[in-house]
Amino acid sequence: MLVKTKAIVLGNVKVKDNTLILHLYTQEYGRCNYLLFGAQSKRGGKKMSFIQPLSLVEIEADHHPNKDLQKIKEIKVETPTSSILFNPYKNAIAFFLAEILSNILKTSEKDETLFLFLHNSIRYLDTTENGISNFHITFLIKLSYFLGLWPDIERMNNYPYFDLKQASFVLTRPFHHFFLETKSSPILQHITRINYRNMHVFRFSRNERNEIIDRTLDYYRLHVQGMGDLKTLSILKEVFD
């Protein structure tokens, strides 16, 4: 069945000289993998300029629900994201977030709300110049809501510890190491307030930013099966050092 859909590029793998496997999160079918022929030929070489992590594309594909690998007939830019491509800070964020999404988004099911959040977030990253160093932090915090991982924060002001395993505030110190102290953790102080519009006003030190990233990733690893170490994390930290 020949179909058209908007999609977000999560990554690609070269299988032959002119053939790629594209990992996409699509608006209509969720996470899908596609074969793209002729991507690096003289005729198709221009395609590589927009087959980058978090590129916003539109594809026409021969789609079969029971197949693990679909075939792309045509791919084109849906929304240009040139700022992400050429700005080294935004580019590092894009590679980092694309790797995280590749680990998290496994289901081949339509999720319009999640797709729109991702799509709008990428567009915002491309157009904004304020608070870029906090974008990935804000993205991960807000993403948890769309994944059903938003923590229970009702007792934030009354309980001294946040248990990452339970995703809630508790009265006594947990026996494991996956917890945060309410008064000293910057991620807990700002989790309910930071968003794309105000992220530029949050001034984190290098150590604070690294703590927020590390502990947020701990939280995801505890609640998302199969999410391991990230190759792009060290690069991201180096860029914003």
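Ala, Val, Leu, Ile, Met, Phe, Trp, Tyr, Cys and Pro count here as nonpolar, Asp, Glu, Lys and Arg as charged, and the others, Gly among them, as polar.

**Figure 1. Lining of the largest pocket in the predicted model.** The volume of this pocket is about 220 Å³. Among its 15 lining residues, Arg31, Cys32, Pro65, Lys67 and Ser108 are the closest to the centre. By class, the lining comprises six charged, six polar and three nonpolar residues. Strand β3 (residues 30-37) gives the most to this lining, contributing three residues.

**Figure 2. Surroundings of Ser102 in helix α2.** Helix α2 spans residues 88-104 and includes Ser102. Ser102 has a relative accessible area of 19% and is therefore buried, the cut-off being under 20%. Apart from neighbours within four places in sequence, Ser102 is in contact with Leu10 and Arg31. Arg31 is also one of the residues closest to the centre of the largest pocket.

**Figure 3. Helix α3 and its buried residues.** The 16 residues of α3 reach 23 Å from first C-alpha to last, close to the 22 Å expected at 1.5 Å a residue. Buried positions in α3 include the aromatic residues Phe115, Phe117 and Tyr124. Leu114, Leu118, His119, Ser121, Ile122, Leu125 and Asp126 are buried as well.

**Figure 4. Confidence of the predicted model by helix.** The protein has an average pLDDT of 88, and 93% of the residues score at least 70. Confidence is highest in helix α3 (residues 112-127), with a mean of 97, and lowest in helix α5 (residues 186-190), with a mean of 68. Where pLDDT is low, predicted coordinates should not be read in detail.

Conventions: Residues numbered from 1 in each chain as written. Predicted model: local features only at pLDDT ≥ 70, side-chain atom pairs only at ≥ 80, totals over all residues. Heavy atoms only, no water. pLDDT = per-residue confidence, 0-100. Helix = DSSP H or I, 4+ residues; strand = E, 2+ residues; numbered from the N terminus. Buried < 20%, exposed > 50% of the residue type's maximum accessible area, 1.4 Å probe, protein only. Contact = heavy atoms within 4.5 Å. Expected span 1.5 Å × (residues − 1). 1 Å grid on protein atoms, 1.4 Å probe; cavity = no way out; pocket = protein on both sides within 12 Å on 5 of 7 lines; lining within 4 Å. Points joined across faces, edges and corners; volume = space filled by probe spheres on them.
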